[in-house]
Amino acid sequence: MKDTLHHAFNLAIALARRAGTIQLKHLGNVGRIDYKSEVDIVTEVDRECEDVIVGGIHKKFPDHDILAEEGSGTRSRSSFQWVIDPVDGTVNYAHGFPFFAVSIGVAYEGKPVIGVIYDPNRDELFSAIEGQGATLNAKKIRVTTEGVLRKSLVASGFAYQGEGIEQNMKHFRNFVRSARAVRRPGSAAIDLAYVACGRIDGFWEIDLKAWDMAAGVVIIREAGGQITNFAGGPFDLYGKEILASNGKIHQDMVHVLKGA
Ligand code: IPD
Ligand code: CA
Ligand code: CA
């Protein structure tokens with residue numbers, strides 16, 4: 001198990017870098033765009049990156065379970081599940097807005113234990129294995145020590161559709177009033193990585209999917225941060241809510257989220 005984790009970790013890093021290189025190569029010329037809905041898009045690069053990642057996993061770990069956003073994963077009864085977002089921040093990517101990433105998580109018996117997020121624009125690789133700390137380009141990272149929400153920078157994002165959008169508008173407004181400032185960068189994976197390395201103090205979102213969060217969850221926990229649902233209760237990778245923070249402002253964020 002330890003050996004498998006170690007090999008899976010190295011493979012996740014290699015595949016995330018390969019996908020990131022493909023993304024940079026086509027940036028500004030992304031090819032055909034398909035519409036999942038009027039606003040939810042997918043590019044040829046999303047699919048190409050997913051093929052490279054899923055193909056790479058099949059080669060080394062043919063029996064592992066794979067859940068990938070664009071649907072090319074394969075289900076198996078393995079205890080290991082790879083959870084992949086080949087391009088997190090596709091709208092940014094399609095517009096040439098340089099804030100997107102590759103997110104690869106591995107769960108063991110349902111619990112995320114490996115996280116790799118690669119931001120090709122800044123050549124930043126965030127990674128963690130459960131129990132071994134989190135790193136950014138091989139240097140240890142920690143969440144911030146800020147304990148005052150009013151002095152905190154927090155971030156969120158919005159789903160493409162659904163009731164969560166209106167609800168999150170209210171949360172967003174409440175955080176604009178109670179935090180130092182609020183950002184909506186457009187890649188949940190990088191938002192989570194930024195909580196882990198201390199560039200932001202907290203993050204919340206409604207209706208994210210497992211592939212947006214699996215890697216980031218491991219990296220934040222290993223960087224000393226806290227992840228829960230909006231009420232401060234146990235986080236569910238397949239649930240509707242994520243609240244991530246440095247731990248110190250967590251209760252204050254729960255309080256703001258109750259107010260909407
Ligand atoms: C999206 C991004 C965005 C978040 C959306 C996600 P995608 O992922 O993470 O920041 O607000 O909810 O769907 O579609 O670019 O992979
Ligand atoms: Ca995503
Ligand atoms: Ca995606």
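Me: What makes the lining of the largest pocket a matter of domain 1 (2-140) and domain 2 (149-259)?

Reply: In this predicted model, each of domain 1 (2-140) and domain 2 (149-259) gives at least three residues to the lining of the largest pocket. The closest residues to the pocket centre, out of 31 that line the pocket, are Phe158, Ala159, Tyr160, Glu205 and Asp212. Two or more lining residues come from each of S4, helix H3 (90-95), helix H5 (188-197) and helix H6 (210-222). The space in the largest pocket is about 610 Å³.

Me: How do you know which classes of residue make up the lining of the largest pocket?

Reply: Asp, Glu, Lys and Arg count as charged, and 13 residues of the lining fall in that class. The lining also has ten nonpolar and eight polar residues.

Me: What makes Glu69, Asp85 and Val87 donors of the calcium ion (ligand 3)?

Reply: For calcium, a donor is an N, O or S atom within 3.2 Å of the metal. Glu69 (OE), Asp85 (OD) and Val87 (O) coordinate the calcium ion (ligand 3) at 2.2 to 2.3 Å, so they meet that cut-off. The spacing of these donor residues in sequence is E-x15-D-x1-V. Glu69 is in the loop between strand S3 (65-68) and strand S4 (80-88), whereas Asp85 is in strand S4, so the pair ties together parts 16 residues apart in sequence.

Me: Why is Glu69 called partly exposed, and why is Asp85 called buried?

Reply: Buried means under 20% relative accessible area and exposed means over 50%, with partly exposed in between. Glu69 has 23% relative accessibility and therefore counts as partly exposed. Asp85, with a relative accessible area of 1%, is therefore buried.

Me: Which residues coordinate the calcium ion (ligand 2), and how do you know that they count as donors?

Reply: The calcium ion (ligand 2) is coordinated by Asp85 (OD), Asp88 (OD) and Asp212 (OD), at 2.1 to 2.2 Å. Those distances are within the 3.2 Å set for calcium, so the atoms count as donors. The donor residues are spaced D-x2-D-x123-D in sequence. Asp88 in strand S4 and Asp212 in helix H6 link distant parts of the chain, 124 residues apart. Both of these residues are buried.

Me: What makes Asp85 a bridge?

Reply: Asp85 coordinates both the calcium ion (ligand 2) and the calcium ion (ligand 3). The two ions lie 3.8 Å apart, and Asp85 bridges them.

Terms used:
Residues numbered from 1 in each chain as written. Chains lettered and ligands numbered in written order. Predicted model: local features only at pLDDT ≥ 70, side-chain atom pairs only at ≥ 80, totals over all residues. Heavy atoms only, no water. Donors = N, O, S within 2.8 Å, 3.2 Å for Na, K, Ca; no water. Helix = DSSP H or I, 4+ residues; strand = E, 2+ residues; numbered from the N terminus. Buried < 20%, exposed > 50% of the residue type's maximum accessible area, 1.4 Å probe, protein only. 1 Å grid on protein atoms, 1.4 Å probe; cavity = no way out; pocket = protein on both sides within 12 Å on 5 of 7 lines; lining within 4 Å. Points joined across faces, edges and corners; volume = space filled by probe spheres on them. Domains from an automatic or database assignment.
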